[in-house]
Amino acid sequence: MLPAESPRGPINSRIPDGDNRPRLVCDECGFIHYENPKIVVGAVCLHEDKLLLCRRAIHPRRGYWTLPAGYLELNESTEAGAAREAREEALAEIAIDRLLAVYSIPRISQVQLIYRARLARPDFGVGEESLEVALFGWDDIPWDDIAFPSVHWALAHYRETAHLADFPPFGNPPGATGNY
């Protein structure tokens, strides 16, 4: 859906008056189309001391394991988005416990909000963006086949908090700038 006021003419990149960086600006009406980071939402999901992972059926990193996660939709809360992604990718209903981490990945203009959750029901399956979905004990996680560094971070942060009822959300690990 287009905003109430949308561009009417040619759009070019330039620095608008009062700004400090190039933006896409309509030459005719001055409408500024802001391009902002993408918000990714997901969850580290536990069931009977095992963690739910999905093997990606899509690029990037097709065939590698990840958490159920994806882009937040318009008009969706971050918790609802994380639950929706678990349904879409793993056919799983989850109960979110709390925010586990907020990761900054500037190289690809992402902010990732990862929740700690448990399966609300023991059933799950293969969603359209997954090749396979499975529960893994910590020692059985396919560490060499994890899709993204932030999945490693989230799993490690989950392990640090598994016994805690309350904790502040994590950020990128020390030295991990997200520019991998």
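**Close-up 1. V44, a residue of strand β4.** In this predicted model, V44 has 0% relative accessibility, so it counts as buried, the cut-off being under 20%. Have a look at who sits around V44: leaving aside residues up to four places away in sequence, V44 touches L51, L67, L100, I114, Y115, R116, A117, A154, L155 and Y158. I94 is 50 residues away from V44 in sequence, yet the two C-alpha atoms are 10.0 Å apart in space.

**Close-up 2. Helix α1, residues 78–90.** Here's a quick check on the helix: with 13 residues at 1.5 Å a residue, α1 should span 18 Å, and its end C-alpha atoms are indeed 18 Å apart. Buried residues of α1 include G81, A82, A83, R84 and E85, along with A86, E89 and A90. What do these buried residues pack against? Their partners are strands β4 (38–47), β5 (50–56), β7 (69–71), β8 (94–105), β9 (110–119) and β10 (130–136). Right after α1 comes L91, with a positive phi near 50°.

**Close-up 3. The cis peptide bond from H59 to P60.** Omega is near 0° here. P60 belongs to the loop between β5 and β6 (65–66). Most peptide bonds are trans.

**Close-up 4. Two loop residues with positive phi, N75 and S109.** Most residues other than glycine have a negative phi. N75, no glycine, has a phi of about 60° and sits in the loop between β7 and α1. With a relative accessible area of 86%, N75 is exposed. For S109, also not a glycine, phi is near 55°; its loop runs between β8 and β9. S109 is partly exposed, at 39% relative accessible area.

Definitions and conventions. Residues numbered from 1 in each chain as written. Predicted model: local features only at pLDDT ≥ 70, side-chain atom pairs only at ≥ 80, totals over all residues. Heavy atoms only, no water. Helix = DSSP H or I, 4+ residues; strand = E, 2+ residues; numbered from the N terminus. Expected span 1.5 Å × (residues − 1). Buried < 20%, exposed > 50% of the residue type's maximum accessible area, 1.4 Å probe, protein only. Contact = heavy atoms within 4.5 Å.
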